[in-house]
Amino acid sequence: MEDCAFCRIVSGDLKAYKVYEDEFCLGFLDERPVFPGHTLLIPKTHYATMADLPPDLLGPVFSAVSVIARAVETGLGADGAFIGINNKVSQRVPHLHVHIIPRHFKDGLRGFFWPRQKYAGDAEAKEVQEKLAAASRLIAEQ
């Protein structure tokens with residue numbers, strides 16, 4: 001869909017800091033992360049919601065989520081990750097996407113009212129991208 005921002009990222013028409021890619025999925029840094037390393041994982045084909053995702057893509061999508069969740073621990077030293085999907089409500093871009101958010105014990109988050117922040121600049125985003133991409137490649141090859 002040419003009016004979908006995420007489809008435009010898949011096609012290369014919009015810039016994104018990619019941290020994971022395979023035949024079915026693309027993972028890239030959220031431009032307004034809860035914490036640095038907050039990644040969005042999308043199927044490359046446009047599906048608006050989880051209910052629209054064909055059953056044969058559940059395995060590939062959630063295998064990729066697992067890789068990125070492990071990568072935020074390995075690559076960024078996170079204690080764990082929050083993994084979430086907004087389905088229609090609070091779904092700013094109507095293209096299925098899974099949030100993988102690095103978490104640390106006592107990081108201050110409570111509930112779901114999380115403040116967003118921006119990367120200090122391209123250098124910080126690039127550094128986080130490289131760490132996650134390297135860890136994702138290592139984990140995916142295992």
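Which residue in strand 2 does tyrosine 20 stand opposite? In this predicted model, the partner turns out to be glycine 27. The two strands involved, strand 1 and strand 2, run antiparallel and pair over three bridges, and a hairpin of three residues links one to the other.

Tyr20 shows up again in the packing. Along with Leu29, Leu41, Ile100 and Leu132, Tyr20 is among the residues with the most contacts inside the largest nonpolar core, which has 27 residues. Strand 1 (18-21), strand 2, helix 2 (55-76), strand 5 and helix 3 each put two or more residues into this core, and helix 2 is the top contributor with nine. A second core, separate from this one, holds nine residues, including Phe6, Ile9, Phe28 and Ile42.

Ile100 gives a feel for who touches whom. Setting aside neighbours within four places in sequence, its contacts take in Gly37, His38, Thr39 and Leu41, then Val65, Ile68, Ala69 and Val72, and finally Ala81, Phe82 and Ile83.

Then there is the open space. The largest pocket encloses about 860 Å³. Its lining is made up of 33 residues, and those closest to the centre are Asp30, Glu31, Arg32, Arg92 and Arg116. Sorted by class, the lining comes to 18 nonpolar, eight charged and seven polar residues. At least two lining residues come from each of helix 1 (5-11), strand 2 (25-29), strand 4 (80-85), strand 5 (98-103) and helix 3 (122-141). Strand 2, strand 5 and helix 3 thus turn up both in this lining and among the contributors to the largest core.

Technical notes. Residues numbered from 1 in each chain as written. Predicted model: local features only at pLDDT ≥ 70, side-chain atom pairs only at ≥ 80, totals over all residues. Heavy atoms only, no water. 1 Å grid on protein atoms, 1.4 Å probe; cavity = no way out; pocket = protein on both sides within 12 Å on 5 of 7 lines; lining within 4 Å. Points joined across faces, edges and corners; volume = space filled by probe spheres on them. Helix = DSSP H or I, 4+ residues; strand = E, 2+ residues; numbered from the N terminus. Nonpolar A, V, L, I, M, F, W, Y, C, P; charged D, E, K, R; others polar. Core = buried A, V, L, I, M, F, W, Y, C linked by side-chain atoms within 4.5 Å. Buried < 20%, exposed > 50% of the residue type's maximum accessible area, 1.4 Å probe, protein only. Contact = heavy atoms within 4.5 Å. Pairing = 2+ DSSP bridges.
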